[in-house]
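Dear colleague,

Please find below the structure that I am handing over to you. My findings follow it, grouped by topic.

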Amino acid sequence: MQNVTILGSTGSIGVSTLDVIGRHPEKYAVFALTAHKQVDKLFEQCLQFKPQFAVLGSPEAAGQLRQRLEMTGLTGTNVLHGESALSEVASDAGCQIVMAAIVGAAGLKPTLAAAKAGKKVLLANKEALVMSGQIFMDTIAASGSALLPIDSEHNAVFQCLPAEKRAYDPDFGVTKVLLTASGGPFLKRDVSTLESVTPEEAVAHPNWVMGRKISVDSATMMNKGLEVIEAHWLFGAPADQIEVVIHPQSVIHSMVSYSDGSVLAQLGNPDMRTPIAYGLGYPERIASGVAPLDLIKVGQLQFHEADFTRFPCLDLAYAALRTGGTAPAILNAANEVAVEAFLQRKIGFRDIDRLIASALEKVESGSADTLESVLDADRRAREFTVSRIS
């Protein structure tokens, strides 16, 4: 029996993780569940899975959950709150697996804590690598922690790389990492009309059910840009050997090209329970609850070149990766602020990429060899971007 901590259990990844865990009660138990402020949803999860710990973002939310659990007679769950509590449940000796699914920079510290503690880390939080890739990978190496990528694209690449070395390595014949992208809801929309995109249109992803922030990132393709940076750190691939391919059907989740002309691909229905089950069970494969792919029903697969004019955020992400240092942290911070402003209708859709470009130009980047320098760059980029909005 392995105990699992889920950082961000009320989000789409957290919910899917609990679905998979619920299918294997003989293999997995829930050690801790965390949420920022969704008390109602976390309460229902606690009733079903009875974790040892539940963590919320504020003392008020924690008090509400504690009271509701006591009223139902469930006293075995210790309710905590705050940033330090997240790191505590992620590094506790009582759990063996940590699903890192907190969206944004807020997931950085607890994910690092899990890595430092030598946990099996199922990484669904891009920002841990985007902001502090070298620090995170060095921590993984030093602790001996197992790192399994959960993003469908990186999980696919992991599966397609040589079993002897899950990394970009020309000595093993690997020549390129190919990340597929659906193209989001605006793949065929007239570029001149993107100025008028509404939040409702931006979050309406054609293939995936995701949170609002990630859905907007998919619409701008910043999500794919962050994945390019993530792939660089996960697999050691240089920017020029990571290619984004538009694949509207989202059936091929990513590919790896080899020197003999072979291209290996991982296919499946677009359902995050597949990579989650792969990560939980690795190196074994366990049932995910996902229906088998019916290729006859799919009929055809299409591919298009990524258009940087339509998706300037993707170009900005490549630029930040090539610059290195804290530039990716600046990119990520500016994007988080801009997306939130867009969702609140304070700025337009195309203002997102303009604000990010301005932050990359104006906010000084430096080395990213300490967590303090990364967090400082994150703070300065947020302050700059907020100042350009207000």
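Two strands are taken to pair if DSSP finds at least two bridges between them. The model is a predicted one, and the pairings below should be read with that in mind.

**Parallel strands and their crossovers**

By that criterion, β6 pairs with strand β7 (residues 147-149) in the parallel sense, over three bridges. Leu122 has Leu148 as its bridge partner in β7. Between these two strands the chain passes through helix α6 (residues 127-143), and the resulting β-α-β crossover is right-handed.

Strand β5 (residues 97-100) also runs parallel to β6, joined to it by four bridges. Here Ile97 has Lys120 of β6 as its bridge partner. The connection from β5 to β6 goes through helix α5 (residues 108-116), and this β-α-β crossover is right-handed.

In a regular strand the side chains alternate between the two faces of the sheet. Strand β6 (residues 120-123) shows Lys120 and Leu122 pointing one way and Val121 and Leu123 the other way, and all of these are buried.

**The mixed sheet**

Five strands form an open sheet with mixed pairing, in the order β11-β10-β8-β9-β12. Its edges are β11 and β12 (304-305); each has a single partner strand, so one side of each is left without a neighbour in the sheet. Within this sheet, strand β8 (residues 174-181) and β9 are paired in the parallel sense over five bridges, with Leu178 opposite Glu243 in β9.

Leu267 lies in the edge strand β11 (residues 263-267) and counts as partly exposed because its relative accessibility is 35%. Together with Leu295, Leu301 and Phe303, Leu267 makes a nonpolar surface patch of about 330 Å². The C-alpha atoms of Leu267 and Ser250 are 8.6 Å apart in space, the two residues being 17 apart in sequence. Ser250 belongs to the loop between β9 (242-246) and β10 (252-258); at 5% relative accessibility, Ser250 counts as buried.

**Salt bridges**

The structure holds 26 salt bridges. Among them is the one between Glu284 and Lys27, with the closest N and O atoms 3.9 Å apart. This pair links distant parts of the chain, 257 residues apart: Glu284 is in the loop between α11 (273-281) and α12 (295-298), and Lys27 is in the loop between α1 (12-22) and β2 (28-34). Lys27 counts as partly exposed because its relative accessibility is 29%.

Another salt bridge joins the side chains of Lys224 and Glu227, at 2.7 Å from N to O. These residues are three apart in helix α10 (residues 222-235), so about one helical turn separates them. An α-helix has 3.6 residues a turn, so residues three or four places apart point the same way. Both Lys224 and Glu227 are buried, and they are linked with Lys126, Asp151 and Glu153 in a network of salt bridges.

The side chains of Asp271 and Arg273 also meet in a salt bridge, at 2.9 Å from N to O. Asp271 counts as partly exposed, at 21% relative accessibility, whereas Arg273 is buried, with a relative accessible area of 16%. The cut-off between these two classes is 20%.

**Helix α14 and backbone geometry**

Helix α14 (residues 327-343) has 17 residues and reaches 24 Å from its first C-alpha to its last, close to the expected 24 Å. Of its 17 residues, 16 are buried, so α14 can be described as mostly covered.

Most residues other than glycine have a negative phi, and most peptide bonds are trans. Which residue with a positive phi follows α14? That residue is Arg345, with phi near 65°, in the loop between α14 and α15 (351-362). Arg345 is exposed, with a relative accessible area of 52%.

Met221 likewise has a positive phi, of about 70°, although it is not a glycine. Met221 lies in the loop between α9 (212-220) and α10 and is buried, with a relative accessible area of 2%.

Finally, a cis peptide bond joins Tyr282 and Pro283, with omega about 10°. Pro283 is in the loop between α11 and α12.

Yours sincerely

Notes: Residues numbered from 1 in each chain as written. Predicted model: local features only at pLDDT ≥ 70, side-chain atom pairs only at ≥ 80, totals over all residues. Heavy atoms only, no water. Salt bridge = Lys/Arg side-chain N within 4 Å of Asp/Glu carboxyl O. Buried < 20%, exposed > 50% of the residue type's maximum accessible area, 1.4 Å probe, protein only. Expected span 1.5 Å × (residues − 1). Right-handed = clockwise from strand over helix to strand, strands pointing away. Patch = residues over 30% accessible without salt bridge, like charges linked within 9 Å, V, L, I, M, F, W, Y side chains within 5 Å. Areas by Shrake-Rupley, 256 points an atom, 1.4 Å probe, with all protein chains shown as cover.
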